[in-house]
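Let's take a look at the aromatic rings in this protein and see who they sit beside. Have the structure open as you read.

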Amino acid sequence: MELGLVGLGKMGGNMRERIRRAGHTVIGYDRNPDLSDVPSLEALVDRLEGPRVVWVMVPAGAATQATIDELAGLLSPGDVVVDGGNSRWTDDERHAVELGIKGIGFVDCGVSGGVWGLENGYALMYGGSEENVAKVQPVFDALKPEGEYGAVHAGKVGAGHFAKMVHNGIEYAMMQAYAEGWELLEKVDSVTDVREVFRSWQEGTVIRSWLLDLAVNALDDDEHLEKIRGYAQDSGEGRWTVEAAIDNAVPLPAITASLFARFASRQDDSPQMKMIAALRNQFGGHAVESN
């Protein structure tokens, strides 16, 4: 099939390549002309045959809203817009209504995989009607990891981004647990090789995971994380997860505490946040602040 892809940064550029490797045609647009296949959104839409599918991979909020507003004036009834960024699920509901007035379908898709997705595939969580999801299905199949799992039609519009939000909230808590354990091991005199303790956990233990593998990668690069400042950003989804928990009266003590720990990192050079920052760099290519 043909796909229009808007936003060719760290994620979008690799997604374009993976979809092309699966045999599909991808026409990409980015504000950076060195990355773009076409000079404008209008040119992208003109290159696609109907019914069109346009996948948006730009920052959540104003950038996504502006892109969807422009597409609403360019696309035709029966076309579909996919928001694959990290938008809030409540924005999805509004976008579906705005596009639906013009007969344009909408699918929201949470995408996980970071800088490793090109080779390993992307975990996908998508929401929307069966009809609109079916129009995008060949692209979902191209992006997902090999095997039976890795993609899910999570429910109606908003469900994909809500599921991805909860995924990221869990990720916050898991990273925090590894970081706390690492700091405690580093603190005591009796443990003389913390990096190898972490490496030993990669086989046969109940806490082995891809995040643990990435922690070992980070420690191989910088054994005591001395090059990294103990400061970690939050992308917003941790906050949204806690807000949703409050709205639904669901207790999330671990996820909430891990979010607050990141706030604490902005007050001090936190040893735990060195590990959080290192892990975010390993799986997502997120920038770290150097000492």
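## W210 and its partner

Start with W210: in this predicted model, its relative accessible area is 41%, so W210 counts as partly exposed. W116 is partly exposed too, with a value of 34%.

How are the rings of W116 and W210 arranged? Their centres are 6.1 Å apart and their planes meet at 80°; that angle is over 60 degrees, so the pair is edge-to-face. The two residues come from distant parts of the chain, 94 residues apart. W116 is in the loop between β5 (105-112) and α5 (117-120), while W210 belongs to helix α9 (residues 210-221).

## The wider set of pairs

Searching the whole structure turns up 6 aromatic pairs. One of them joins W89 and F162, again edge-to-face, with 4.9 Å from centre to centre and 85° between the planes. W89 is part of helix α4 (residues 89-100) and F162 is part of helix α7 (residues 159-187), so this pair ties together bits of the chain that are 73 residues apart in sequence.

Is W89 buried or exposed? It's buried, because its relative accessibility of 14% falls under 20%. F162, at 29%, counts as partly exposed.

## A cluster and a charge

Some rings gather in a group: W55, Y126 and F140 make up one aromatic cluster.

Rings can have charged company as well. Here, R262 places its charged end over the ring of Y172, at 3.8 Å from the ring's centre.

Key
Residues are numbered from 1 along each chain as its sequence is written. This is a predicted model: local features need pLDDT of at least 70, side-chain atom pairs count only at pLDDT 80 or more; totals for chains, interfaces and linings use all residues. Side-chain values use heavy atoms; hydrogens and water are left out. Rings of Phe, Tyr and Trp (its six-membered ring) pair if their centres lie within 6.5 Å; planes under 30 degrees apart count as stacked, over 60 as edge-to-face and the rest as tilted. Helices (H or I, at least four residues) and strands (E, at least two) are DSSP runs, numbered from the N terminus. Buried means under 20% relative accessible area, exposed over 50%, partly exposed in between (1.4 Å probe, protein chains only). A charge sits over a ring if NZ of Lys or CZ of Arg is within 6 Å of the ring centre and within 35 degrees of the ring normal.
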